[in-house]
Amino acid sequence: FSLKNNSNHGPNATNDYITSDLFIRTAKELAPTFGVNIDTEEFNLFLKDTIDEFKINMEEGESLVNFEDYEHDSQWVYKSGIEPYYSNAYENLISNKFPPKVTKTVMQNSLNILSSLGNPKDSSSWDRRGLIFGHVQSGKTSNFIGVIAKAADAGYRMIIVLTTNDEKLRKQTQERIDEGFIGYKTGNDKRIKDGVGKLNKDYKQPINLTTTERDGLISPLTSTNITPDIIEDRPWVVVMKKEKRRLEALHEFLSQDAINNKIQQMPVLLIDDEADWASVNSKKDADKPTLINQCIRQILALYNKSSYVGVTATPFANIFINHKSYTEMLEDDLFPRDMIYSLEAPENYLGGDKIFLDAEASDRVIEHVNDAEDFFPTKRKIIPLDGIPKSLINAFHEFIIARCIRNIRGDRNKHCTMMINASVYVDTTKRIFDEISDYYDLLKPAVMNNYMMEDDYAMKNLIMSQIKETFVRIFSSNIK
C-alpha cells in the first residue's frame, strides 16, 4: 500500500509514499530497541492493524458548480500567499485521529471549498452562497472545521456556526470547535488548553463569544472594551442555536454603533450546520420569510464581505430554494448559487450503500421487526401499549455486548453510539427515551451485581439470562 496525497489542485500538492514492506521491515528492526518480541501474536496483530488503518482512503469531494459560469477566481487561495497557521494546527490534530490519506483529503476538501468562497483581501464587496453535503455521520463536522481553520488563515475574522435548536448538539459542536480551532475548553474558567492549544505552544487562540456552558453570547461581552480594533489579527467565533431570540441578540450585538462600522469591514464566514432545518424559507411570499431565514439573512446583510455555507446530509430543500429570491432589506436568499460541494465518505464508512449492497449483505445486518407496531403506532388514533417491544430490548442487549467486545479488542476510547429511530412523532420518541432510560436503570445493577458470579448464580437474574441468550444467538458463532 502507499500513503499518497495525489491532489493536483495547487502548488502544495505532494506525493509521499511508504510501502507496507518498508513499514514491516522498519518495525521489526526497531522493535528490539524497545524490548518488543517480534515473534509474538501481539506484534503481528499490531502490524496488521496498523497497515489496515493506513490503507483507509477517502477520495476528494467534487464541486457541482462550474466556476466558468461566474466571475470568480477560484485560484485566489494559491495566489494569496496564505500562511497556514490555524490549518496546520488542525491538520496536526486530526492526523492523530484519522488515517493519513483521510487527513490529507479533509484538508484538501477544506481548501477546495474555501476557493469557492470570497477572498477576504479583495477590496470590493461580495457575498457568496454555498452548500456542503455528505453522508450521515461521515465527517462533515471535521471538514467544516477544516474550512474554518483555512478561512481564518485567509483573513476571515468573524466565524459564526449555527446548529439546530437542540442545546446538546450546539454544545457538542462547540466542544469540537474548542478542540479543533479555539484551543481551550471554553466552558472552564481556568481556560484549560485543549486540542490544537495543547499541541501548539503559544497558540494564538481565537476569541470565543460563546462557550460550552452557555447557549448565548457571553453576558459581560457587550459591556467590556472588546472591539474589533484590538483583535484584528485573531478571528471571533460564535457557536449558536438557530433560535429566534439568540439570533436577534447576535444581530443586535453586531449592529452596535460603537463597532458596526468596523464589523462591516470584517469578512464573515457563516457555517449553517443542518442547513435544511429551519434555515430554508418555506413561505410563498419572498418578502415575508420565516423567522430563522430572516435572522440569518439580516446577519449576513451587515457585512460587505460575507460567505454563507450550509452543511447537510439531506440537501433537497436547499437546492430548491428560489434562486431569484431577493429583498432590498435581506438581499439574496440562501440558495447555493456559488458552490455545491459533495463530500466522499472514507472507505471504512458503513452506510446504506454497504448495508443494501445486495440481498446477502442486507440479510447479515438487517433484522425484520414484527412486534413494534402496537408499541409505536404509525397512526395517531391508535392507543400504544405501555413499555417497549422485545425486539428493542434485544437490540439494546446486542449493542451492550458489541460495546464489550470492542472494549476487549482495544476500542474502549473509540466512538460508539446506538440510535433508536422508531417513530416520527415527538411525544412517542420522548416516551421511548423514558422507557429505555428506565430499563437501563434496571439493567446496570443487574450486570454490576452478577458479571463476576458463576453462571449458575448469575443466570438466576432474568436480565442476565436474556443477555446471555442474545450473545449465544447473535455473537457466539461469529466472533474470534
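How far is the sulfur of cysteine 404 from the closest cysteine sulfur, and in which residue does that closest sulfur lie? In this predicted model, the distance is 10.0 Å and the partner is cysteine 416, which is too far for a bond. The briefing below returns to this pair after describing the chain, its nonpolar cores and one of its helices.

**The chain as a whole**

- The chain contains 18 helices and ten strands.
- Of its 480 residues, 44% are buried.
- Among contacts with a separation of 6 or more, 72% join residues that are 24 or more positions apart.
- The accessible surface of the chain is about 27200 Å², and carbon and sulfur atoms account for 51% of that surface.

**The nonpolar cores**

- The largest nonpolar core comprises 44 residues. Within this core, the residues with the most contacts are Ile148, Ile177, Phe181 and Leu269.
- Helix α6, which covers residues 140–154, contributes the most to this core, namely eight residues.
- Leucine 269 illustrates how parts of the chain that are apart in sequence come into contact. When its neighbours within four places in sequence are left aside, leucine 269 touches Leu117, Val147, Ile148, Ala151, Tyr156, Met158, Ile159, Ile160, Ser307 and Val309.
- Another core, of 28 residues, lies apart from the largest one. Its members include Phe253, Met266, Ile299 and Leu300.

**Helix α16**

- Helix α16 runs over residues 426–450 and has 25 residues. At 1.5 Å a residue, the helix should span 36 Å; its end C-alpha atoms are 36 Å apart, so the expected and computed values agree.
- The buried residues of α16 are Thr428, Ile432, Ile436, Tyr439, Leu443, Ala446 and Asn450.
- An α-helix has 3.6 residues a turn, so residues three or four places apart point the same way.
- The buried residues of α16 pack against three helices: α15 (390–408), α17 (455–458) and α18 (462–475).

**The cysteines**

- A disulfide is a covalent bond between the sulfur atoms of two cysteines. The cut-off applied to such a pair is 2.5 Å, and the resulting count is zero disulfides.
- For cysteine 416, the closest cysteine sulfur is that of cysteine 404, at 10.0 Å, and therefore too far for a bond.
- Cysteine 404 is partly exposed, with a relative accessible area of 40%.
- Cysteine 416 also counts as partly exposed, at 25% relative accessibility.

Note on methods: Residues are numbered from 1 along each chain as its sequence is written. This is a predicted model: local features need pLDDT of at least 70, side-chain atom pairs count only at pLDDT 80 or more; totals for chains, interfaces and linings use all residues. Side-chain values use heavy atoms; hydrogens and water are left out. Helices (H or I, at least four residues) and strands (E, at least two) are DSSP runs, numbered from the N terminus. Buried means under 20% relative accessible area, exposed over 50%, partly exposed in between (1.4 Å probe, protein chains only). Contact means heavy atoms within 4.5 Å. Accessible areas come from the Shrake-Rupley method with a 1.4 Å probe; for residues, only the protein chains shown count as cover. A nonpolar core is a set of buried Ala, Val, Leu, Ile, Met, Phe, Trp, Tyr and Cys residues joined through side-chain atoms within 4.5 Å. The expected span of a helix is 1.5 Å times one less than its number of residues.
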